[in-house]
Amino acid sequence: MDKAENLGEILLGDRIENSLYEIVVDEKINCKVLCVSKPLSAEELKDLSDLVGDEYRASWVLDNLPAAMPKLLQSVNGETTTVYDTGFPVGFIGNPQENAGSQEGLNYIYNHINIKVLYHTNPDLYEGKRIVGFEVEPESITHTTDFDANDPKQYPSTCLKRDSGPQVVDPNAADSSIVFTYSVLWEYSDTPWANRWDQYLLNTDSQIHWFSIINSVMIVLFLTGMVAMIMMRTLHADFRRYNQLEPNEEAEETGWKLVHGDVFRPPSAPMLLSVLVGSGVQVSMMTIVLLIFAVLGFLSPANRGGLMTAMVVLFVTMGSFAGYFSTRLYKKFKGQYWKKNTIMTAIGMPGFIFAIFFVINLLIWGEKSSGAVPFLTLLALVALWFGISVPLVFVGSYFAFKKPVADSPVGVNQIPRQIPEQVWYLSPVFSTLMGGVLPFGAVFIELFFILTAVWGHQFYYIFTFLFIVFVILVITCAEITIVMTYFQLCAEDYHWWWRAFLTSGASAFYMFLYSAFYWW
């Protein structure tokens with residue numbers, strides 16, 4: 001049967017197509033021929049061999065359950081747990097030690113699939129059988145052609161004997177055919193239908209997640225102590241110095257107090273900073289609401305593409321926050337072109353992201369991949385952008401423009417103060433990069449689990465841990481920004497606006513590098 005994909009599935013490249021495999025309830029199949037390929041040319045065999053070498057995987061779905069390969073994991077306590085790897089590889093690279101009969105340097109294709117369908121029955125609640133598991137075990141068999149391909153009941157004798165070795169994909173053996181077969185086994189399971197996703201979402205590393213959180217909390221406590229020490233030390237020193245002064249004696253200002261007349265001076269490129277801050281608030285609000293829904297269980301993995309759909313919808317509906325905070329900050333900088341600022345907020349960062357997405361999609365189109373997003377879906381995204389997000393940005397900007405801006409605690413001098421020469425470790429690049437280390441250190445363990453799930457063909461569904469780590473990340477970013485800004489002002493450098501924005505933002509740079517390193 002055909003199924004219409006939602007927006008999230010299309011954006012993720014998840015297209016469900018009907019296959020030639022026939023699975024009938026309670027019908028056991030020892031072996032059945034799926035098809036016999038046409039004689040493959042050397043070029044076609046090379047393409048197939050490249051798919052095996054590039055570790056392509058097949059993704060199947062049965063009754064909304066993804067096909068999975070079960071594997072056993074042994075914990076440090078000696079307990080054995082069965083976990084699922086979704087999908088299965090289309091083949092393997094020859095290795096005589098791991099795969100008997102294979103040769104080093106050759107690629108082999110899995111042309112026989114053992115399908116096991118797990119079912120559960122409960123006559124008190126419902127009739128019939130409900131599927132609660134979908135396991136596959138791929139095999140590579142060099143099938144003979146001693147059967148009639150037109151007779152659906154016949155199959156090669158090697159399907160049961162399996163003594164002919166694996167099926168090699170050799171570009172030098174042109175005009176050869178490959179026989180594809182499969183078997184089906186139905187097996188009863190004690191798993192109720194309501195809990196059938198538990199095996200896919202099994203968390204085997206909860207202790208490590210708690211260790212990650214404890215590690216992050218220690219970093220937060222360290223930064224909190226630093227902030228408190230700075231504030232208390234500064235206040236105590238001020239009080240002590242003022243108490244020692246004579247009534248008619250004036251206190252000599254030192255450190256950050258010397259720049260009080262320049263600390264609220266607008267930064268360079270104030271519109272760009274306002275746009276970036278507004279877009280950041282939009283993404284932050286989207287993330288907070290999305291994680292709350294995920295923690296409460298509204299984003300079930302059974303709803304394929306639901307997480308991506310919710311992300312897109314929440315992003316466009318949070319446009320009012322972007323417009324409000326962007327315009328508010330721009331007015332704080334005494335900006336005069338608030339309409340231009342609003343337009344830049346509405347189309348700047350979303351347009352940059354859409355342009356990158358469009359270029360990547362063009363490359364995927366060029367490869368004729370089914371993961372390419374259709375043109376009509378791109379038009380739907382543009383409609384959501386200009387039909388919902390842009391108007392909401394203008395609405396938020398309007399309310400921010402009407403609301404008066406609070407006055408700064410101190411005025412701004414007419415003539416900018418000369419900034420003394422800074423020591424090397426307070427240079428903009430070094431201090432910014434150093435400021436991003438601690439926030440990254442607070443979340444990199446959880447980031448490791450996310451990347452492991454993405455590249456390890458598993459589901460990441462422990463949003464409670466992720467929400468806690470996200471809160472810790474926000475607190476860490478705020479505190480490290482306070483600390484680094486204080487050090488900068490003590491050095492009489494009042495150009496703190498961009499530095500404060502980029503200090504915590506540098507953690508994203510480390511996350512990008514770590515993601516690239518993990519993939520590499």
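The following legends describe close-up views of a predicted model.

**View 1. The disulfide between cysteine 31 and cysteine 159.** The count of disulfides in the predicted model comes to one. Its partners are cysteine 31 and cysteine 159, with sulfur atoms 1.8 Å apart. The torsion about the S-S bond of this pair is about 100 degrees, so the disulfide is right-handed. Cysteine 31 belongs to strand β1 (residues 29–36) and cysteine 159 to helix α3 (residues 158–161), so the bond ties together parts that are 128 residues apart in sequence. Cysteine 31 is buried, its relative accessible area being 8%. Cysteine 159 is likewise buried, at a relative accessible area of 0%.

**View 2. Cysteine 35 and cysteine 490, two further cysteines with partly exposed positions.** For cysteine 35, the closest cysteine sulfur is that of cysteine 31, at 13 Å. This separation is too far for a bond, because a disulfide requires the two sulfur atoms to lie within 2.5 Å. Cysteine 35 is partly exposed, with a relative accessible area of 29%. Cysteine 490 also counts as partly exposed, at 28% relative accessibility.

**View 3. The crossing of helix α5 and helix α8.** Helix α5 spans residues 270–295 and helix α8 spans residues 338–366; their axes come within 9 Å and cross at roughly 50 degrees. This angle makes α5 oblique to α8, because it falls outside the ranges that count as roughly parallel (under 35 degrees), roughly perpendicular (65 to 115) and roughly antiparallel (over 145). The crossing of α5 past α8 is right-handed. On the α5 side, the residues in contact are Met271, Ser274, Val275, Leu276 and Ser279. These meet Lys340, Asn341, Met344, Thr345 and Met349 of α8. Sorted by class, the contact of α5 with α8 has five nonpolar, four polar and one charged residues.

**View 4. Serine 279 within helix α5.** Serine 279 counts as buried, with 6% relative accessibility. Leaving aside residues up to four places away in sequence, serine 279 touches Ala322, Thr345 and Met349. Of these neighbours, Thr345 and Met349 are in α8. The C-alpha atoms of serine 279 and proline 350 are separated by 8.3 Å, although the two residues are 71 residues apart along the chain.

**View 5. The packing of helix α10 on helix α11.** Helix α10 (residues 428–435) and helix α11 (residues 437–455) pack with their axes 4 Å apart and at an angle of about 20 degrees. The two helices are therefore roughly parallel to each other, the cut-off for this description being an angle under 35 degrees. Leu433, Met434 and Gly435 of α10 meet Val437, Leu438 and Pro439 of α11. By class, the contact of α10 with α11 has five nonpolar, one polar and no charged residues.

**View 6. Arginine 196 and its surroundings in the loop between β13 and α4.** The loop that holds arginine 196 joins β13 (179–188) and α4 (206–243). Arginine 196 is buried, with a relative accessible area of 6%, a value below the 20% under which a residue counts as buried. Not counting residues up to four places away in sequence, arginine 196 touches Asp63, Asn64, Leu65, Ile131, Val132 and Thr191.

**View 7. Aspartate 47 in helix α2.** Helix α2 covers residues 42–53 and contains aspartate 47. Aspartate 47 counts as partly exposed, at 43% relative accessibility. Along the chain, aspartate 47 and valine 169 are 122 residues apart, yet their C-alpha atoms are separated by 9.7 Å.

**View 8. Positive phi values at aspartate 26 and glutamate 55.** Most residues other than glycine have a negative phi. In aspartate 26, however, phi is near 65 degrees, a positive value in a residue other than glycine. Aspartate 26 lies in the loop between α1 (7–12) and β1. At 45% relative accessibility, this aspartate counts as partly exposed. Glutamate 55 has a phi near 60 degrees, again a positive value in a residue other than glycine. Glutamate 55 is located in the loop between α2 and β2 (57–58). With a relative accessible area of 64%, glutamate 55 is exposed.

Methods: Residues numbered from 1 in each chain as written. Predicted model: local features only at pLDDT ≥ 70, side-chain atom pairs only at ≥ 80, totals over all residues. Heavy atoms only, no water. Axes fitted to C-alpha atoms, helices over the stretch in contact; angles between N-to-C directions. Left-handed = near helix turned anticlockwise from the far one by under 90°. Contact = heavy atoms within 4.5 Å. Nonpolar A, V, L, I, M, F, W, Y, C, P; charged D, E, K, R; others polar. Buried < 20%, exposed > 50% of the residue type's maximum accessible area, 1.4 Å probe, protein only.
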